[in-house]
Amino acid sequence: MKAVVVETPEKITVVEREIPEITSTQVLLKVKAAGICGSDVGIYHGKNAFATYPRVVGHEFVGEVVKVGADVKNAAVGDHIAVDPVVSCGHCYACRTGRHNVCKTVNVLGVHRDGGYQEYVAVEQDQLHQLPKDLPWEIAATVEPYSIGAQVAHQGRLTGDDTVLICGAGPIGLIILQVAKMKGAKVAILDVVDSRLETAKEMGADMVINSKTKDPVEAMNEFTGGEGFNLIYEATGNVNVLQMCIQKLPSPAGRVVVLGFSTVEFPIRQVDIMSKELEIIGTRLNNYRFPEVIEWFKEGKVDPKSIVTNTFPFTEADKAFKYNDEHPENVLKIVLTF
């Protein structure tokens, strides 16, 4: 079989590998589609703090079961499957308290171990989620990113009564927008790319803010009547934006949910947190959110087609990553097809 390997930062190759053997608790999945995520791009550029090399990347992947281990109870040959890439130990504090996505030794397919950019993958049965067979593979590959939207909604306690700011109108920011509007919230979204902000308008954003041309604090005052945002999602990974989200934009009793994972240090003032009883909440991966998202897809509550802007054959992954870098105004989600 063929596999796409990031050998070292900026170097992608397509290699030949043996089709993996499966254990009694695994299935062999014929990969059909896999998305390119910002964290995959970070691995490609050597800017992902969690990755090791060489690595078969790809954690947003779906496929068809072609072989089933003797002890597998939840899948059969021919099933269409979305794979939850989170692998946890099951016994550390985080796992014991129901938060396996931040397991002390969490592994993610495509980051800590080889992922979905290969023609066949051996997958444990507890990572399998059944997909409707009429769901196109390219759309099915967005289940994992939508699980991030479900996770951040849970972490931020998002409700229809919230006035929300989303910083970053990339794929994840736009997914959060869809989830927030689905729940009835009033939502502003901030970015510097006009085409993405136009897409956000089309998806129902109540205000779009280009921070190159409009002061976000002025926009906040206009949008919230000076009260500030009850719930802020920081999805740019820019520490200057996060600093602004803590100091200048939240309402009293507000929540700031942090998605980015920059390692850059920056100053914050205790008084900005204490005086408003501000909550700063981390969020990582997803915590068993796949079933919820698949139901959203079945019921038409979200629009995953709007996120997928480009497809490339997986053997042209190098071209796909370069296109993603060079055309931010045209790209939301690139999906590799197999």
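Here are legends for six close-up views of this structure, which is a predicted model.

**View 1. The largest pocket has a volume of about 1700 Å³.** Its lining is made up of 50 residues, and the ones nearest the centre are Gly38, Ser39, Ala235, Thr236 and Phe261. Helices H1 (38–44), H4, H5 (171–182) and H11 (317–326), along with strand E11 (186–191), each give two or more residues to this lining. H1 takes the largest share, with 4 residues. If you sort the lining of the largest pocket by class, you get 23 nonpolar, 19 polar and 8 charged residues.

**View 2. The second largest pocket holds about 400 Å³ of space.** Start at the centre of the second largest pocket, where Val87, Leu109, Arg113, Glu124 and Gln127 are the closest of its 23 lining residues. Two strands, E6 (86–87) and E8 (120–124), each bring at least two residues to the lining of the second largest pocket. E8 gives the most, with 5 residues. By class, the lining of the second largest pocket splits into 10 nonpolar, 7 polar and 6 charged residues.

**View 3. The structure has 1 cavity of 30 Å³ or more.** Rolling a probe the size of a water molecule over the atoms shows where empty space is left. The volume of the largest cavity comes to about 30 Å³. Around the largest cavity you'll find Glu60, Phe61, Val62, Ala82, Val83, Ala140, Ala141, Val143, Glu144 and Phe290. Strand E4 (60–68), strand E5 (80–83) and helix H4 (143–155) are the elements that give two or more residues to this lining. E4 has the largest share, at 3 residues. The lining of the largest cavity counts 8 nonpolar residues and 2 charged ones, with no polar residues.

**View 4. Arg196 is a buried residue without a salt bridge.** Look for Arg196 in helix H6, which covers residues 194–202. The nearest side chain of opposite charge belongs to Asp191, and it is 4.9 Å away from Arg196. A salt bridge needs a side-chain nitrogen of Lys or Arg within 4 Å of a carboxyl oxygen of Asp or Glu, so Arg196 goes without one. Leaving out neighbours within four places in sequence, Arg196 is in contact with Ala169, Gly170, Leu174, Pro328, Val331 and Leu332.

**View 5. Val217 sits in helix H7, residues 216–224.** Val217 counts as partly exposed because its relative accessibility is 21%. Setting aside residues up to four places away in sequence, Val217 touches Lys248 and Leu249. For a longer reach, pick out Gly116: Val217 and Gly116 are 101 residues apart along the chain, and their C-alpha atoms are separated by 42 Å.

**View 6. Gly237 belongs to the loop between strand E13 and helix H8.** The strand runs over 229–234 and the helix over 239–247. With a relative accessible area of 28%, Gly237 is partly exposed. Gly237 is in contact with Gly260 and Ser262, once neighbours within four places in sequence are left aside. Between the C-alpha atoms of Gly237 and Lys322 there are 21 Å, and the two residues are 85 residues apart along the chain.

Technical notes
Residues are numbered from 1 along each chain as its sequence is written. This is a predicted model: local features need pLDDT of at least 70, side-chain atom pairs count only at pLDDT 80 or more; totals for chains, interfaces and linings use all residues. Side-chain values use heavy atoms; hydrogens and water are left out. Buried means under 20% relative accessible area, exposed over 50%, partly exposed in between (1.4 Å probe, protein chains only). Lys and Arg count as positive and Asp and Glu as negative; His and the chain ends are not counted. Contact means heavy atoms within 4.5 Å. On a 1 Å grid over the protein atoms alone, a cavity is a set of points where a 1.4 Å probe fits but cannot get out, and a pocket is an open set with protein on both sides within 12 Å along at least five of seven lines; lining residues have an atom within 4 Å of a point. Grid points are joined across faces, edges and corners, and a volume is the space filled by probe spheres set on the points. Ala, Val, Leu, Ile, Met, Phe, Trp, Tyr, Cys and Pro count as nonpolar, Asp, Glu, Lys and Arg as charged, and the others, Gly among them, as polar.
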